Amino acid sequence: MTPKRTLLQCALALAILPLAFGAAAQDFPPKKPVTLVVGFAAGGAADAAARLIAKKLSENIGQSVVVDNKGGAGGNIAHQFVANAAPDGTVLLLGSVGPLTIAPHLMKLPYDPFKDLAAVSGGVNFPNVLVVHKAAGAKTLAEFVQLSRKKPGSVDFASTGAGSASHLAGELFNQRAGIDMTHVPYKGGAPALQDLLGERVTSYFAAPPTALPHVETGKLIPLATTGLTRPAYLPNIPTVAESGFPGFEALNWYAFVAPGKTPVPLLERWNQEIVKVLNDAGVKEALNKHGLTPQPTTRAELTAFMKKESTQWATIIKERKLTAE
């Protein structure tokens, strides 16, 4: 073999090597189990959605999809974990509105949601429902606003923590209604609901599944929901938008993202598989029973949606001079 031929073969081998590694990195389904990370403890809305979707994904791709709950810091711990994970298609995150579009404007984060995480598909969403205890003195949203204006600073609202969706829903309503409710942050929905039922706080932008049992017993009064349209499971409760504040929207939402450097072909394949699952009739029915509305999107649609949400919450945070309490 001549030196010239040897050099040519080596050059060809070196040229093919990256392609071989690239092909291996883009195997689908991945050759090892897939981890779906959730930023909240088991038992909540995010966990319920993740487990329903993971089960169907696993069936469809013939590969194990394991849910990994990494709670803490309002979901930021999970988002940082995935931002630093190997971009090989084996790690996905059911990201949420707070860490992806609210927290970046409240605090310095060790990751950039738009650079260190890559959009895959929308997941699920649900509106909050504004509820008050029965002694609050308001049975409609209009009466609640009047009460807030009559006694500025005397009306407060609970949230699941500073920077949470329930917190920003209240601040957005403060801005739109021209009122100044006092924010009372809690370490989760359970203590917030407990204090509302105990009449130690006036109101709460609550997740419907946790609030509705108490609405049915008459302990809480529902005033409005925070989506643009009434959800099918709450047909008799008006939206904030139709109650005098057109365009008002403050949704809780979860979306699928991956480590930022994940190859585009893998991101596209995951998008196809997740959209397929979210459009499955059985999955849709199961999610709806949890009060969750499937929100499949293209990758571009999710990125545009996240940017829109980020801009809205940045404006509210600046105008209300909010900080990470």
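The secondary structure of the protein chain comes to eleven helices and eleven strands. The model described here is a predicted one. Along its principal axes, the C-alpha trace of the chain spans about 95 × 40 × 30 Å. Of the 325 residues, 49% count as buried. The accessible surface of the chain comes to about 15,000 Å², and carbon and sulfur atoms account for 57% of this area. Among contacts between residues at least 6 apart in sequence, 76% join residues at least 24 apart. The side chains include 31 positive and 24 negative ones, and the centres of these two sets lie 4 Å apart.

One open sheet is formed by six strands in the order β2-β1-β3-β10-β4-β11, with mixed pairing. Strands β2 (65–69) and β11 stand at the edges of this sheet; each has a single partner strand, so one side of each is left without a neighbour in the sheet. At the β2 edge, strand β1 (residues 34–38) pairs with β2 in the parallel sense over five bridges. Within this pair, V34 has V65 in β2 as its bridge partner. Helix α2 (residues 45–61) lies across β1, β2, β3 (91–96), β4 and β10, and runs at about 160° to β2.

Strand β4 (residues 117–127) has β10 and β11 as its neighbours in the order of the six-stranded sheet. Eleven of the eleven residues of β4 are buried. With strand β10 (residues 251–259), β4 pairs in the antiparallel sense over nine bridges. In this pairing, A118 stands opposite A258 of β10. The link between β4 and strand β11 (residues 293–294) consists of two bridges, and these two strands also run antiparallel. Here the bridge partner of V124 is P294 in β11.

Strand β10 also holds W253. The relative accessible area of W253 is 0%, so this residue counts as buried, the cut-off being under 20%. Leaving aside neighbours within four places in sequence, W253 is in contact with G95, S96, V97, L100, T101, V124, N125, Q295, F305, M306 and E309. V124, one of these contacts, is the β4 residue that has P294 of β11 as its bridge partner. By contrast, K151 lies 33 Å from W253, C-alpha to C-alpha, and the two residues are 102 apart in sequence.

A further open sheet consists of five strands in the order β7-β6-β8-β5-β9, and its pairing is mixed. The edge positions are taken by β7 (182–185) and β9 (220–225); each has a single partner strand, so one side of each has no neighbour in the sheet. On average, neighbouring strands of this sheet are turned by 30° against each other, direction ignored. Strand β5 (residues 129–133) runs antiparallel to β9, and five bridges join the two. Among the residues of this pair, L130 has A224 in β9 as its bridge partner. Helix α6 (residues 165–177) lies across β6 (156–159), β7 and β8 (203–206), and runs at about 155° to β6.

Note on methods:
Residues are numbered from 1 along each chain as its sequence is written. This is a predicted model: local features need pLDDT of at least 70, side-chain atom pairs count only at pLDDT 80 or more; totals for chains, interfaces and linings use all residues. Side-chain values use heavy atoms; hydrogens and water are left out. Buried means under 20% relative accessible area, exposed over 50%, partly exposed in between (1.4 Å probe, protein chains only). Helices (H or I, at least four residues) and strands (E, at least two) are DSSP runs, numbered from the N terminus. Two strands pair if DSSP finds at least two bridges between them. Contact means heavy atoms within 4.5 Å. Accessible areas come from the Shrake-Rupley method with a 1.4 Å probe; for residues, only the protein chains shown count as cover. Lys and Arg count as positive and Asp and Glu as negative; His and the chain ends are not counted. The place of a charge is taken as NZ of Lys, CZ of Arg, CG of Asp or CD of Glu. Axes are lines fitted to C-alpha atoms, for helices over the stretch in contact, and angles run from 0 to 180 degrees between N-to-C directions.
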